[in-house]
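Let's take a walk through a protein together. Have the sequence and the 3D view ready, and follow along at your own pace.

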Amino acid sequence: MAHAVVVGAGIGGLTAAVALRRRGWEVTVFERAPSLEPVGSGLGIAANALRALDTIGIGDDIRRLSAVQGEAGVRRADGRWLMRTTEEATSARHGDSVVLLRRTDLVDAIAARLEPGVIRLDSTVTAVDPYTGRVTVRTGGPSGADTGAGGADTGAGAGSGGAGADTGAGGAAHDGAAGTTEVVADLVVAADGIRSPIRTALFPDHPGPSYAGVTSWRLLVPGGGRPGRTFESWGEGRVFGVMPLAGGTAYCYATDTVPAGGDPGDGESRRAELLRLFGGWHDPIPALLEAAPPELVLRNDVHHLATPLPAMHLGRVALLGDAAHAMTPNMGQGACQAIEDAVVLAHVAGDGDGPAGAARGTGTAGATGVDLAPYTAARLERTSRIIARSASICRTTRIRNPLAVRLRDTMMGLAWRLAGGRMTAAMDEVLGWRPPGSRVRPPVTPRTSPAAAASPAAAGRRGAR
Ligand SMILES: Cc1cc2nc3c(=O)[nH]c(=O)nc-3n(C[C@H](O)[C@H](O)[C@H](O)COP(=O)(O)OP(=O)(O)OC[C@H]3O[C@@H](n4cnc5c(N)ncnc54)[C@H](O)[C@@H]3O)c2cc1C
């Protein structure tokens, strides 16, 4: 059986692990954090990613845990709508609405599809040889100490429960220097986030991530969500968005055009800063900020990979998710693209337990690995276009000059009316994506009940790890 090592248990790495397991691959996921507690509160998963999740049997799980986006649109700081769409219009056009959920619920639902022992926590990958597939892993100790800091959404959890890494699951595993293990894999999936040390090692001439000119806040407001009402409001260089999650919680996010590195560091100061910036905006923004528990306010400078990589693979290593194409959050597509990557990669990798998998060997010398050129061909151009489009929207939100802001707002409203009130027409290419060789099942209607949000199944899975 062919063996894949996945580096990083974020949304991208976990989805890749599930997709490869379904193709018969033996999979080991190494995660440097001691627990799977994703940072970043909530997020939206759009029709393209739901379609990808359908091919690996998780789409309906996610829909059940989510609230639908419902009516959605862009407003001005005074609340006037610039453009809007309905749940029905989005579903009719793209087959699904955007579903909104907590990151923890998404990570739990994906991780629950992996057998015990697949995910190795407290395990930092310190080196990868792309030509032999040799992966060096350090277990225990301070996570990520010598591989660079993670991105805005890295899962550096604070819990416990790490597991040992050197039990020789597949490949040729043996002890290296004290505390390290070496595993030889037929395929290495580098899903190690925006600061990916593997990307830097593979493509040393690539400039890496750059600051997009905005800092972002994310916060959860329990009881603050109005079901079915999602909006993003644009002011002078600033944005404030509200998404109702299942169970009545509001997920809010905001951006401001400021130099990088100004985080005061504690939740109370962050909330005070948000009140100063957005306290005079339209309802319900001030009330949500007043009600936000400070400990649930996050702040991260937004970085992206403005320069596309020359390829999304080298030798046996496939780069995936933010490691390959970190983008600004303006299109809500970072995780969605990571999910697309994962199912495409599994399709390209083929069966791990059939004759092709056997021919690849089990990571022993002479094994052939996977030809990853079709993966780059399928993913690089698409994700580069989405990075560029997202960056362009980000630049538009950064406009500060009041006259230019009025012009921008007028143009947006006009463009929407000219498009016959179809807000998502511009997103057709992104949302209309189809997974390769997929048998997509028709979507089910998501539930928005508190019971779904507080799913005992999800809680149980979290507790079980
Ligand atoms: C404000 C904001 C809002 C967003 N909203 C949305 C949205 O609505 N929809 C959407 O689709 N996307 C959204 N995104 C983007 C999305 O969060 C990311 O694109 C996505 O989480 C990336 O997932 P990933 O698995 O590629 O990387 P990560 O989540 O960064 O995971 C990388 C993992 O690798 C681990 N790791 C790193 N180095 C090592 C190592 N050496 N050894 C072992 N493990 C390692 C890390 O600990 C981490 O767990 C948003 C982003 C921001 C900033």
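**A domain, a helix and an arginine**

UniProt, in an unreviewed entry, places the feature "domain: FAD-binding" at residues 311-346. Keep in mind as you look that this is a predicted model. Over residues 311-346 the chain is 47% helix and 14% strand, and the C-alpha atoms at the two ends of that stretch are 17 Å apart.

Now find helix α10, which covers residues 334-349. Helix α10 has 16 residues and reaches 22 Å from its first C-alpha to its last, close to the 22 Å expected at 1.5 Å a residue. Is α10 mostly covered or mostly open? It is mostly covered, with 15 of its 16 residues buried. Just after α10 comes glycine 350, which takes a positive phi of about 75°.

Let's step back to the whole protein chain. You can look for 16 helices and 20 strands in it. Of its 465 residues, 52% count as buried. Among contacts between residues at least 6 apart in sequence, 78% join residues at least 24 apart.

For one pair of residues that are separated in sequence, go to arginine 395 in helix α12, which spans residues 373-397. Arginine 395 and valine 214 are 181 residues apart in sequence, and their C-alpha atoms are 9.2 Å apart in space. Why does arginine 395 count as partly exposed? Arginine 395 has 15 other C-beta atoms within 10 Å, and a residue needs 20 or more to be buried but 12 or fewer to be exposed, so arginine 395 falls in between.

Key:
Residues numbered from 1 in each chain as written. Predicted model: local features only at pLDDT ≥ 70, side-chain atom pairs only at ≥ 80, totals over all residues. Helix = DSSP H or I, 4+ residues; strand = E, 2+ residues; numbered from the N terminus. Expected span 1.5 Å × (residues − 1). UniProt positions renumbered as here; feature names shortened; annotations may be inferred. Contact = placed C-beta atoms within 7 Å.
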